[in-house]
Amino acid sequence: MNKTALITGATSGFGKAFAIRMASLGYQTVITGRRTDRLEEVANYIKSEYHTEVLPLCFDVRDFDACKKAVESLPESFKHVDVLVNNAGLAAGAAPFEESALDDFERMIDTNLKGLLYITKLIVPGMIERKSGHIVNISSIAGIEVYPNGNVYCATKHGVNAITKGLRIDLVKYGIKVSSISPGMVETEFSIVRYHGDEDKAKAVYRGIVPLSAEDIADALEFIVTRPEHVSINDIQINPKQQANTYIAHRITD
Ligand code: NDP
Ligand code: 8X3
């Protein structure tokens, strides 16, 4: 039987690239997100290109009951999740703390931290029972250093890193690997979401820079999941060549 990978936030960006890459590696995939039409598109693409099984599950990771219902709905053939990729996440807003909206804080904390915890809590018991499994949390360079206007987004990714390290400590005795990926700027829908749909502001983030692509991050995931059984990659930090850290970028404009 093919191994199973569950990827949250697979309707765009990294998650979509992860789902396609895992299918290309022979995994059957459970793909999740809130946009049904996008999930269907990704599922159809994978089925036609890779002929592997795909199960789309539409739910909001901020809703524990919905997460539970989704995980409990997994048919027998998809129940044994070998690789969990906690990818669903977002930045909402980029402003000084005093000007930021409480609602944005809540969206980021509920999605990036609580959503990740909900899914992990539901998937880990099966991994413990089978004494195997691999959790890959998608963090960020924002989890390594804080930058102006990044306040709560950075806090959530620092939190993701603490959860990753804590899980690694608690789950090592069960033979479960826990890894993370910490990218810098990657052009996806991320900045459009961050700037609440303002496409000009989103584009300006990558002005004069060749950003990373979702495929670059899928390369990192592929490296992590294809290491020999005795090797555990703790974290891959990956930036565009022109980005030195969260706030120093060498922009080349005409
Ligand atoms: P995208 O906006 O392209 O994708 C985000 C994905 O998360 C979508 O599939 C979205 O699905 C899903 N998602 C968001 N909120 C929820 C929710 N409440 N419930 C279920 N799914 C949700 O962004 P990226 O691919 O760039 O981001 C993926 C991850 O990578 C995030 O955790 C982000 O913080 C992180 N990251 C991004 C970087 C970048 O520069 N792009 C750099 C470093 C880290 P849907 O809307 O259908 O629910
Ligand atoms: C997203 C990358 O540099 O905007 O996590 O924090 S950055």
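How far is an oxygen atom of ligand 2 from an N or O atom in the side chain of Tyr147? The legends below take you there, one close-up at a time. Keep in mind that this is a predicted model.

**View 1. Tyr147 meets ligand 2.** Here's the answer to the opening question: the gap between an N or O atom in the Tyr147 side chain and an oxygen atom of ligand 2 is 2.9 Å. Taken on its own, ligand 2 has 240 Å² of accessible area, and the protein covers 86% of that.

**View 2. Ser140 and Tyr153 reach ligand 2 too.** Look at the side chain of Ser140: one of its N or O atoms sits 2.5 Å from an oxygen atom of ligand 2. For Tyr153, a polar side-chain atom is 2.5 Å from an oxygen atom of the ligand.

**View 3. The shell around ligand 2.** Zoom out a little and you'll find Ser140, Ile141, Ala142, Tyr147, Tyr153, Gly184, Phe190, Arg194 and Gln243 around ligand 2. Sorted by type, this shell has 5 nonpolar residues, 3 polar ones and 1 charged one.

**View 4. Cysteines without a bridge.** A disulfide is a covalent bond that joins the sulfur atoms of two cysteines. Don't go hunting for one here, though: the structure holds 0 disulfides. Take Cys58, whose nearest cysteine sulfur belongs to Cys67 and is 12 Å away. A disulfide needs the two sulfurs within 2.5 Å, so Cys58 is in no disulfide.

**View 5. Two cysteines, buried or exposed?** Cys58 is partly exposed, because its relative accessible area is 41%. Cys154, on the other hand, is buried, with a relative accessible area of 0%.

Conventions:
Residues numbered from 1 in each chain as written. Chains lettered and ligands numbered in written order. Predicted model: local features only at pLDDT ≥ 70, side-chain atom pairs only at ≥ 80, totals over all residues. Heavy atoms only, no water. Buried < 20%, exposed > 50% of the residue type's maximum accessible area, 1.4 Å probe, protein only. Near = heavy atom within 4 Å. Polar contact = N/O pair within 3.5 Å; in protein donor to acceptor, adjacent residues only side chain to side chain. Areas by Shrake-Rupley, 256 points an atom, 1.4 Å probe, with all protein chains shown as cover. Nonpolar A, V, L, I, M, F, W, Y, C, P; charged D, E, K, R; others polar.
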